Amino acid sequence: MGDERVGSEQGESEPPGTRGAPVGRRVFLGTLGLGALGVLAAPMLQRGVEAFLGGAADIDPTGLTGLLPNGGGFRYYSVTTSVPHKDAGTYRLTVDGLVDRPAAYTLADLKALPQTRMVRDVQCVTGWRVPETPFEGVRLSHLLDAAGVRASAGAVRFTCFDGAYSESLTLEQARRDDVLVALRMRDEDIGHSHGGPVRLYVAPMYFYKSAKWLSGITVTEDVRPGYWEERGYDIDAWVGRSNGRDDEPTT
Amino acid sequence: MNRRLDAGRTLRTPVRVRRFSPAERWAHRGTAVLMGVCVLTAAFLYIPVFAQLVGRRALVVAVHRWTGLALPVPVLAGLASRALRADLGLLNRFGPHDRRWLRAALRRDRRPSSRPAGKFNAGQKLYAAWSAGATLVMLGTGLMMWFTGLTPLVWRTSATFVHDWLALTLGIVLAGHIGMALGDPEARRGMRTGSVGRDWAEQEHPLWRPSSDR
């Protein structure tokens, strides 16, 4: 008796005699299959989409294509709630640690030093890439030489005025010609959202090494992992040879 | 004639009929909250304006990951309910009337007479099956990006690609789902309270024969 009532409840909805085909299950499994197929076909699809959106972005006045996946352009990443704004009056860059002559540079001081301009691709470890982006600033090696690095030093640590981010390079990496303390990006002064007024620019590495809102350079004995590196990213972040990625090198 | 029939019916049958059990409504509520958090955190991670507004990337990533992982839990837990399992059975099966409903939908034919439906109409059935599949694809590709050592490297870039584009698609479809619910207060009442008006049921789901009246 009880079973009969349950039976009538379960058959409550559809017209009698028409149980129908299990289309729902087919759609469900089909979606899963398409997802798997999408993963397999993604390298090909991605090239096509990037080419198409790259072309579309050039004639798109709204900038909405930049919001689409693979739509090109930079993405804003910050690890803190808010970042204070610094300008020519308030900005300072300190150089300290294992150096003979610690220093504090104002924005004007940095601008007065010899500037280097470089045009390379920017590659983020999350996948986006911005082609041929000009960066301009002071070579990091210049600041290190001016400070007089001691013989015991082996690494450089970078801190940021967002209060949380940090990065690091070996001394050898830091002395490379393509590592800048950048003041300009895309031939404009670096704006706040891109890490201005001063950010690090490490051309051959994934973009998380190019710390935004740079405020401190400390020469240390050993490499200390930076913010994302404590969260699993590689410390030696060569583009195409780290973080399990095989992007085309940027330098 | 008609009037007498109507009068007879109101005497015979209650005004409201049961549509969803508490277990089903809680499964829906739980899924909706988790999905909402997933979409919101995705926007914070992805759309530059929101990313600038919120920042705190590590925290937002953690919330997004764990809510995404938990997303299937309410429905899986709901499988313990016989009513939910029965409704899944109804969502699964497509009859000839569902084909008629879909054809009418494609033609933008809104007359109830050309939109025959059982407890669930064909659109709701497709939405249920597709969104369940899409959610699991999101979960799978998400896990591939989370546990980077799990799969070969090419897969991970590919997973990001699928995750990004499917997120956009899912967002649009989800907006459609919410939009349609906003346009139908009685359908919302059904999900909120568990019962719907008999008139509404006969209009929107003419082939539905609710057996347990409230």
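Start with a distance: in chain A, the C-alpha centres of domain 1 and domain 2 sit 36 Å apart. The domain assignment behind that figure puts domain 1 at 23-67 and domain 2 at 93-231. Keep in mind that this is a predicted model. For chain A the mean pLDDT is 85, with 84% of its residues reaching 70 or more. One stretch to treat with care is residues 1-11 of chain A, where pLDDT stays under 50 and the model has 4 contacts beyond four places in sequence.

Chain A has 5 helices and 10 strands. Of its 251 residues, 34% count as buried. Take the contacts in chain A between residues at least 6 apart in sequence, and 60% of them join residues at least 24 apart. UniProt, in an unreviewed entry, places the feature "domain: Oxidoreductase molybdopterin-binding" at residues 82-228 of chain A. That span is 12% helix and 39% strand, and its end C-alpha atoms are 18 Å apart.

A good place to get into chain A is strand 5, residues 155-160, where 6 of the 6 residues are buried. In a regular strand, side chains alternate between the two faces of the sheet. Here A155(A), R157(A) and T159(A) point one way, V156(A), F158(A) and C160(A) point the other way, and all are buried. So both sides of strand 5 are covered, with an arginine, R157(A), among the buried residues.

Now look at what strand 5 of chain A pairs with. Strand 6 (residues 166-170) of chain A runs antiparallel to strand 5 and is joined to it by 5 bridges. V156(A), for instance, has L169(A) as its bridge partner in strand 6. The two strands form a hairpin with 5 residues between them, and G163(A) in the turn has a positive phi of about 85°. Strand 10 (residues 214-220) of chain A is also antiparallel to strand 5, this time with 6 bridges. In that pairing, T159(A) stands opposite G216(A).

L169(A) also leads on to strand 9, since it is one of the residues that V202(A) touches; the others, leaving out residues up to four places away in sequence, are V179(A), K209(A) and S210(A). V202(A) belongs to strand 9 (residues 199-202) of chain A. It counts as buried because it has 27 C-beta neighbours inside 10 Å, where 20 or more is the cut-off. V202(A) and A174(A) are 28 residues apart in sequence, yet their C-alpha atoms are 8.5 Å apart in space. Just ahead of strand 9, have a look at the peptide bond from G196(A) to P197(A): it is cis, with omega near 10°. P197(A) sits in the loop between strand 8 (188-189) and strand 9 of chain A.

Over to chain B, which comes to 11 helices and 2 strands. From the N terminus on, its elements run α-β-α-α-α-α-α-α-α-α-α-β-α. Of the 214 residues of chain B, 32% count as buried. Among contacts in chain B with a separation of 6 or more, residues 24 or more positions apart account for 67%.

An unreviewed UniProt entry annotates "transmembrane region" at residues 26-51, 63-84, 126-145 and 165-183 of chain B. In the model, residues 26-51 are 96% helix and 0% strand, with end C-alpha atoms 32 Å apart. Residues 126-145 are 100% helix, and their end C-alpha atoms lie 28 Å apart.

Two loop residues in chain B deserve a glance for their backbone. R56(B), in the loop between helix 3 and helix 4, has a positive phi of about 45° although it is not a glycine. It counts as partly exposed because it has 17 C-beta neighbours inside 10 Å. R108(B), in the loop between helix 7 (96-106) and helix 8, also has a positive phi, near 60°. R108(B) is exposed, as 6 other C-beta atoms lie within 10 Å.

Finally, how do the chains meet? In all, 50 residues of chain B are in contact with 42 residues of chain A. On the chain B side, the elements giving two or more residues are helix 3 (48-54), helix 4 (57-70), helix 6 (82-92), helix 8 (122-146) and helix 9 (153-182). Helix 9 gives the most, with 13 residues. By class, this side of chain B has 28 nonpolar, 14 polar and 8 charged residues.

Notes:
Residues are numbered from 1 along each chain as its sequence is written. Chains are lettered from A and ligands numbered from 1 in the order in which they are written. This is a predicted model: local features need pLDDT of at least 70, side-chain atom pairs count only at pLDDT 80 or more; totals for chains, interfaces and linings use all residues. Domain bounds come from an automatic or database domain assignment. Two residues are in contact if their C-beta atoms, placed from the backbone, lie within 7 Å. Helices (H or I, at least four residues) and strands (E, at least two) are DSSP runs, numbered from the N terminus. Ala, Val, Leu, Ile, Met, Phe, Trp, Tyr, Cys and Pro count as nonpolar, Asp, Glu, Lys and Arg as charged, and the others, Gly among them, as polar. A residue is buried if 20 or more other C-beta atoms lie within 10 Å of its own, exposed if 12 or fewer, and partly exposed in between; C-beta atoms are placed from the backbone. Two strands pair if DSSP finds at least two bridges between them. UniProt positions are given in the numbering used here, feature names are shortened, and annotations may be inferred rather than shown by experiment. pLDDT is the predictor's confidence in each residue, from 0 to 100.
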